[in-house]
Amino acid sequence: MLTSIKTHSLTNEGQKLGMMYYRVAIILFGAQLLMGLIAAIQFLAPGFLFELFDFSVARMVHINALVVWMLYAMIGSVYMMLTEETGHEGVGLGLGKLGFWVLTAAVTVVVLVYIIVQVGSGSEMSLWFIHEGREYIEAPRWADIGIVVVVLIFYYNVFMTYMAGERTGIMTVMVANLLALAGLYLAGMFYTDNITMDQFWWWWVIHLWVEATWEVFVGTLAAFALIRLIGAKREIVEMWLWIEVLMLFGSGILGMGHHYFWIGTPEYWWEIGALFSALEPVPLIAMFVHVLYDWGKEQGAHEAKGEPLGVITNGPAMAWIVTNAFGNFLGAGIWGFFHTLPQVNIYTHGTQFTAAHGHLAFFGAYATILIGMMYYGVQKAYGVERMKATFKSKMGIILVTFGVLGMTIALTIAGYEQVMVERGEMGATWNAFFTAQNLPWYIQAQLWRTIMGVVTFIGFIYLVWDLLTIGKNAQEAEA
Ligand code: HEM
Ligand code: HEM
Ligand SMILES: [Fe+2]
């Protein structure tokens, strides 16, 4: 992928820009994993890097890098599909490139401040220049404003290209959804000293991103990818897409109530949160069925014409997208449903159970399909007709997926132990918290999580190695 800076055969400026976003995304993904490993070791050896690089800092960089790399990969994917969907070469992409460099410079400064300065004094100055104290979206205010400006440029590129070109259903959903996705960021920017109000609005960003707008985004990517990779019929994938949009917004918006159980909001949120969030797995099942159904249908169509089965133009991309269908359903749908009813959440809230769900959901729903799109980008960059999975592609997907699944199971066991001992037996006292954390079941689970984290990281190395080489090799093989 990096070598594609020089050797790529892309002629479209938007797709070149997409590749630039992908490169930064994969670097930040690597940084995320390293930070996760540090934080995981600190669970086992609390003295590790104490006062040099505390758990709170490693955790903060881990989850902020996660959000930022995903946003980079999402923007990259939009630039990747823009011209192909609209049939237009792209409006104002020079400005878009400038935006990329401004954003990347800002992200670099912010990360350096996180790593070197680490924490502020809890004053206005910290809010402006260090971080905001808002989990997942810590960017200090100066960077927040910069992000808004760059996103406006990005949106201008997308919207004007859409208006100038062909307006497919996929792009219509994309354009409308991106407006909501970007607009929600504003809800996490203003300051109030009432912690309940602060959390209330902060969840508008976090929950309405991952359980509404990001899910719709993934739906559009899957629709696009299925057309490109297996030649799925546009009418069918677009019909699915509209149904998914309806269902995702239907359950996702009020489903936000499942974060209002504990923050001091009125009690009617218990019922609202319970009902609507329990419905959230329904669209996720639909998305799962959609991908597999379309795939099966295309296979059938090939068979009927007497063509060889499995005409997939990009093997690794398709493998990651199928993993997405399973992962989204499992991580968000099943692991989310586990603790979404208040009757259950009263025991699980704040245990490692949440972390188990957080890992499998972010990985299954987003990391997978975004990696799939990176493979699509590489295929375009090298102009190859058909890109088959290599040994490295297989090692990458197997080790990363196995690693994250392993971490999820380990954390689920740790969470179960906390629910049993800390909450059930000992009544959730301060003392109970520490007793539960020192029992062998918990410590063993944390050990396994760290081991599985290392497996994930080895898989990541294969993945990067593959992304860097697969395009060139496929090109040579085709020639
Ligand atoms: C891809 C979609 C999803 C992602 C990425 C995701 C991710 C997360 C993350 C990271 C947290 C922890 C937040 C924190 O730090 O406090 C969380 C909390 C939670 N999620 Fe999800 N989630 C998704 C979908 C769902 C769905 C569909 C459900 C329900 C069916 C669900 C139910 C919950 C609940 C109940 C909590 C709160 C746990 C607690 O604080 O006790 N999630 N989610
Ligand atoms: C090398 C692999 C990884 C390791 C060792 C690791 C480790 C950790 C640790 C120690 C935490 C802090 C948990 C806590 O506060 O109790 C954490 C949080 C988190 N990580 Fe990872 N992680 C890894 C990979 C990933 C991946 C691949 C994703 C998603 C794509 C991810 C998403 C998250 C999220 C969303 C949280 C916050 C969860 C919450 O508070 O509920 N991590 N991780
Ligand atoms: Fe949620």
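Donors here are N, O and S atoms within 2.8 Å of the metal, and water is not among the atoms, so a site may look incomplete. With that in hand, welcome to these close-ups of a predicted model.

**View 1. The iron ion (ligand 3) and its protein donors.** Four residues hold the donor atoms: H207 through ND1, E211 through OE atoms listed twice, and H258 and H259 through NE2. These donors lie 2.1 to 2.8 Å from the iron ion (ligand 3). Along the chain, they follow the spacing H-x3-E-x46-H-H. A second iron is part of this scene: the iron atom of ligand 1 sits 4.4 Å from the iron ion (ligand 3).

**View 2. H207 and H258, two donors from separate parts of the chain.** Helix α8 (residues 195-230) carries H207, while H258 belongs to the loop between α9 (234-255) and α10 (268-279); the pair therefore ties together parts that are 51 residues apart in sequence. Are these two histidines buried or exposed? Both H207 and H258 are buried.

**View 3. The shell around ligand 2.** There are 24 residues around ligand 2, and R59, H62, Q352, H359 and R449 come nearest. By class, the shell holds 13 nonpolar, eight polar and three charged residues. Helices α2 (13-44), α3 (55-86), α14 (352-382) and α17 (440-478) each give at least two residues to this shell.

**View 4. Polar atoms facing ligand 2.** Look for H62 to begin with: a polar atom of its side chain is 2.8 Å from a nitrogen atom of ligand 2. The side chain of Q32 also has an N or O atom 3.4 Å from a nitrogen atom of ligand 2. At Q352, the partner is an oxygen atom of ligand 2, which lies 3.1 Å from an N or O atom of the side chain.

**View 5. The second largest pocket.** This pocket encloses about 780 Å³ of space. Its lining counts 41 residues, with L71, L103, I147, V151 and Y185 closest to the centre. What is the make-up of the lining by class? It divides into 38 nonpolar residues, two polar and one charged. At least two lining residues come from each of α2, α3, α4 (93-116), α6 (141-164), α7 (169-185) and α8. The largest share, ten residues, belongs to α3.

**View 6. V78 in helix α3.** V78 is buried, and its relative accessible area is 0%. F154 is 76 residues away along the chain, yet the C-alpha atoms of V78 and F154 are separated by 9.5 Å.

**View 7. The largest cavity.** The structure has four cavities of 30 Å³ or more, and the largest holds about 70 Å³ of space. Around it are V218, G219, A222, E244, M287, H290, V291, N324, A325 and N328. Two or more of these lining residues come from each of α8, α11 (281-304) and α12 (315-338). The lining has five nonpolar, four polar and one charged residues.

**View 8. The second largest cavity.** Its volume is about 40 Å³. The lining is made by V67, Y136, I206, W209, V210, W214 and F362. Which element gives the most to this lining? Helix α8 does, with four residues. By class, the seven lining residues are nonpolar, with no polar and no charged residues.

Notes. Residues are numbered from 1 along each chain as its sequence is written. Chains are lettered from A and ligands numbered from 1 in the order in which they are written. This is a predicted model: local features need pLDDT of at least 70, side-chain atom pairs count only at pLDDT 80 or more; totals for chains, interfaces and linings use all residues. Side-chain values use heavy atoms; hydrogens and water are left out. Donors are N, O and S atoms within 2.8 Å of the metal (3.2 Å for Na, K and Ca); water is not among the atoms, so sites may look incomplete. Buried means under 20% relative accessible area, exposed over 50%, partly exposed in between (1.4 Å probe, protein chains only). A residue is near a molecule or strand if one of its heavy atoms lies within 4 Å of it. A polar contact is a pair of N or O atoms within 3.5 Å; within protein, one must be able to donate a hydrogen and the other to accept it, and residues adjacent in sequence count only if both atoms are side-chain atoms. Ala, Val, Leu, Ile, Met, Phe, Trp, Tyr, Cys and Pro count as nonpolar, Asp, Glu, Lys and Arg as charged, and the others, Gly among them, as polar. On a 1 Å grid over the protein atoms alone, a cavity is a set of points where a 1.4 Å probe fits but cannot get out, and a pocket is an open set with protein on both sides within 12 Å along at least five of seven lines; lining residues have an atom within 4 Å of a point. Grid points are joined across faces, edges and corners, and a volume is the space filled by probe spheres set on the points.
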